[in-house]
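Subject: The model, and some notes on it

Hi,

Here is the structure I promised to pass on. Have a look at it first, and then read on for what turned up.

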Amino acid sequence: ELGYNVGQCNQSFSWLCAKNCLEEVSRKTLISYELTDLGKEMAEKGAPAERIFNLLKEGTALGLPEIAQKLELEKSDIGSAYGTLAKTGAVAMNEENKAYLKTEEAPADVADTALLLKKGLSGAVLEADMTDREKALMGNISKKRGAAGSPYKMLEREEVIFKLTDEGEIMLEAFKKSISA
């Protein structure tokens, strides 16, 4: 209402607390997640594991370098994503050292991560609105600091509730009288 930025508000509340006009009633940390540029790209194109799965779904076994070339991804991203898929039993290597699909459906983590990435396109995702499953997946695809190489950036914000003290009430009444005079 006053047109202050967050820093000005914090300074004002700090001053009013120091003058014993306000006291803190409660404080809670709110966690939210925002897509990074990488996350936006993954939401649109698919995460590496999802893209590998969909490429191999076409039926041709491919070597990891071929997959990297076709998907225009870094070899390290391909290796990590392939490893994730292999752990679930969705993919394997044949005698020619080429990856192929062992299942028709994408592993649950791959499908659920795709949904979570798409969810972020609408704006910040609040942890309070997430299921336990989404929280677990988000832990794998978000970072608090240095999030450029991660799909999501974790943000923490504190919500603090204040109330006027008795002394604050007296000062407020005195202020009201002074401006009405």
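Let me start with the sheet. Strand 1 and strand 4 run antiparallel and are joined by two bridges. One residue to look at there is Y33, whose bridge partner in strand 4 is V125. Bear in mind throughout that this is a predicted model.

On its other pairing, strand 1 (22-35) is joined to strand 6 by 13 bridges, and these two strands are antiparallel as well. An example is E24, which has F162 as its bridge partner in strand 6. Strand 6 (152-164) also runs parallel to strand 5, with two bridges between them; here S142 is partnered by Y152 of strand 6. Put together, that gives an open sheet of four strands in the order 4-1-6-5, with mixed pairing. Strand 4 (125-126) and strand 5 (142-143) are the edge strands: each has a single partner strand, so one side of each has no neighbour in the sheet.

Some of those residues come back when you look at the rings. How many aromatic pairs are there? The count comes to two. F13 and F162 make a stacked pair, with 4.7 Å from centre to centre and 20° between the planes. Since F13 belongs to helix 1 (residues 6-18) and F162 to strand 6, this pair ties together parts of the chain 149 residues apart in sequence. Neither ring's residue reaches the buried class: F13 has 32% relative accessibility and counts as partly exposed, and F162, at 25%, counts as partly exposed too.

The other pair is Y33 with Y152. The ring centres are 6.5 Å apart and the planes are at 85°, so this one is edge-to-face. It also links distant parts of the chain, as Y33 is in strand 1 and Y152 in strand 6, 119 residues apart. Both Y33 and Y152 are buried.

Now the helices, beginning with helix 6. Does its length fit its residue count, and where do its buried residues point? Helix 6 (residues 108-119) has twelve residues, which at 1.5 Å a residue should span 16 Å; the end C-alpha atoms are 16 Å apart, so the two agree. V110, T113, A114, L116 and L117 are the buried residues of helix 6. Viewed down the helix axis they fall within an arc of 165°, so they line one face of helix 6. That fits the usual geometry: with 3.6 residues a turn in an α-helix, residues three or four places apart point the same way. Among the elements covering the buried residues of helix 6 are strand 1, helix 2 (37-45), helix 3, helix 5, helix 7 (132-141) and strand 6.

Helix 7 gives a similar kind of picture. Its buried residues are E134, L137, M138 and I141. They take up an arc of only 105° around the axis, which puts them on the same side of helix 7. On the other side, D132, G139 and N140 are exposed; for G139 the relative accessible area is 51%. If you want a distance across the model, the C-alpha atoms of G139 and E1 are 36 Å apart, with their positions 138 residues apart along the chain. The cover over the buried residues of helix 7 includes strand 1, helix 6, strand 5 and strand 6.

Last, the nonpolar cores. The largest has 18 residues, and I52, L56, I67, L71, I78 and L85 touch the most other members. Helix 3 (48-56), helix 4 (64-71) and helix 5 (75-88) are the elements that give two or more residues to this core. Helix 3 gives the most, with five. To see how one of these residues sits, pick L56: apart from neighbours within four places in sequence, L56 is in contact with L62, I67, V91, A99, Y100 and L101. A second, separate core has 15 residues, including I31, Y33, L116 and M130. So Y33 turns up again, this time in a core, having already appeared in the edge-to-face pair and as the partner of V125. L116, for its part, is one of the buried residues of helix 6.

Over to you, and have fun with it.

Cheers

Key: Residues numbered from 1 in each chain as written. Predicted model: local features only at pLDDT ≥ 70, side-chain atom pairs only at ≥ 80, totals over all residues. Heavy atoms only, no water. Core = buried A, V, L, I, M, F, W, Y, C linked by side-chain atoms within 4.5 Å. Buried < 20%, exposed > 50% of the residue type's maximum accessible area, 1.4 Å probe, protein only. Contact = heavy atoms within 4.5 Å. Expected span 1.5 Å × (residues − 1). Arc of directions from axis to C-beta. Pairing = 2+ DSSP bridges. Phe/Tyr/Trp six-rings, centres within 6.5 Å; stacked < 30°, edge-to-face > 60°.
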